[in-house]
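Welcome! Let us take a walk through this structure together, one stop at a time.

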Amino acid sequence: MSDIAKGDELPALQVHLTRADLVRYAGASGDFNPIHWSERIATGAGLPGVIAHGMLTMATAGRLVTNWIGDPTAIRTFGVRFTRPVLVPDDDEGALVDITGVVGEVTESDGARIARVDITAKFDGKTVLGRASAEVRLPS
Amino acid sequence: MPDESYVGRSLPTAGPFQVGREKIREFATAIGDDARIFHDVEAARAAGHPDLVAPPTFSVSFTMPLLEAFLRDPAFGWDYTRMVHGDQRITFHRPIHAGDELFTTVVVDDLRSRAGSHMLTVRCEIVDSADTPVATTTALLVTQAQS
């Protein structure tokens, strides 16, 4: 990990999000907004159907970073914009989300090396997160 | 129309939220993360932690219910049913561990109305029982203005 440099690509992650995953996440996170489990309420709110929790997509993007660095506590900041919803159909396969990341910059701060990882999350070929990045403290 | 006089205000501090091992395991499982320090106490201790470590976005499990209670309060005048999450940022001051007792203060940072939408920026300042900063989370929430 000491030779991490700008331009390094992180191992990509492909995740299937099913309705069952949304229900499990609703219970674990305490976010029971019905647009994440009721077709009736989601379409009534003007959505094309049930969508994944933005925070579940963010958490999945976080896995890309923590899997790579090996130490989840090395993350110093983590931010995303939710630009498009992830539509989750009522079938066994669910929505396929592709997550990739690249080291955008490596800087020194107070004697620590910090990598900024720029993350791309795509669903149906379109990005669903904007300005998604995490700052990670690299092992010395 | 949301009440603009809330901007700059802090809500009463909520807590303690008791961080339990099973809640950490449940949350890690729900996000599909099988990293051992989220599930196995011995692995967490071997990595230098006092107990299980919580995944990076774990704080949502106790901050989101606080935000929901505030946003559903008719006094503020927010349309929760038409809300979408615009962005989210988390700054980590120290890891969250099982056994922590955490306190959260919600601060209303900003409220703007533009192009038929209300945009609300809310911040959660999370500290432990010694008042040491644990994390700062900032969310932009958007709802359609009443037409």
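Which residue stands opposite Leu17(A) in strand 3 of chain A? Ala95(A) does. Keep in mind as we go that this is a predicted model.

That pair is a good doorway into the first stop. Strand 1 of chain A covers residues 13-17, and 5 bridges join this strand to strand 3 of chain A, residues 95-109. The two strands run antiparallel. Now look at where the side chains of strand 1 go. Leu13(A), Val15(A) and Leu17(A) point to one face and are buried, while Gln14(A) and His16(A) point to the other face and are not buried. Why this back-and-forth? In a regular strand the side chains alternate between the two faces of the sheet.

Next, please find strand 2 of chain A, residues 75-82. This strand is mostly covered, with 6 of its 8 residues buried. Strand 2 of chain A pairs with strand 6 of chain A, residues 129-138, in the antiparallel sense over 6 bridges. Within that pairing, Phe82(A) has Leu129(A) as its bridge partner. Strand 2 of chain A also reaches across to the other chain: 5 bridges join it to strand 2 of chain B, residues 83-92, and these two strands run antiparallel. If you would like a spot to focus on there, Thr77(A) stands opposite Thr91(B).

The chains also meet through helices. Helix 1 of chain A (residues 19-29) and helix 1 of chain B (residues 21-30) pack at an angle of about 150 degrees, and their axes are 9 Å apart. An angle over 145 degrees counts as roughly antiparallel, so that is how these two helices lie relative to each other. Helix 1 of chain A passes helix 1 of chain B in a left-handed crossing. On the chain A side, the contact is made by Arg24(A), Tyr25(A), Gly27(A), Ala28(A) and Ser29(A); on the chain B side, by Lys23(B), Glu26(B), Phe27(B), Thr29(B) and Ala30(B). Sorted by class, the contact has 4 nonpolar, 3 polar and 3 charged residues.

Our last stop is a single residue in chain B. Thr121(B) lies in strand 4 of chain B, residues 117-128. Is Thr121(B) buried or exposed? Its relative accessibility is 18%, and buried means under 20%, so Thr121(B) counts as buried. Leaving aside residues up to four places away in sequence, Thr121(B) touches Val107(B), Val108(B), Asp109(B), Asp110(B), Thr138(B), Ala139(B) and Leu140(B).

Conventions:
Residues are numbered from 1 along each chain as its sequence is written. Chains are lettered from A and ligands numbered from 1 in the order in which they are written. This is a predicted model: local features need pLDDT of at least 70, side-chain atom pairs count only at pLDDT 80 or more; totals for chains, interfaces and linings use all residues. Side-chain values use heavy atoms; hydrogens and water are left out. Buried means under 20% relative accessible area, exposed over 50%, partly exposed in between (1.4 Å probe, protein chains only). Helices (H or I, at least four residues) and strands (E, at least two) are DSSP runs, numbered from the N terminus. Two strands pair if DSSP finds at least two bridges between them. Axes are lines fitted to C-alpha atoms, for helices over the stretch in contact, and angles run from 0 to 180 degrees between N-to-C directions. Angles under 35 degrees count as roughly parallel, over 145 as roughly antiparallel, 65 to 115 as roughly perpendicular and the rest as oblique. A crossing is left-handed if the near helix is turned anticlockwise from the far one by less than a right angle, and right-handed if clockwise. Contact means heavy atoms within 4.5 Å. Ala, Val, Leu, Ile, Met, Phe, Trp, Tyr, Cys and Pro count as nonpolar, Asp, Glu, Lys and Arg as charged, and the others, Gly among them, as polar.
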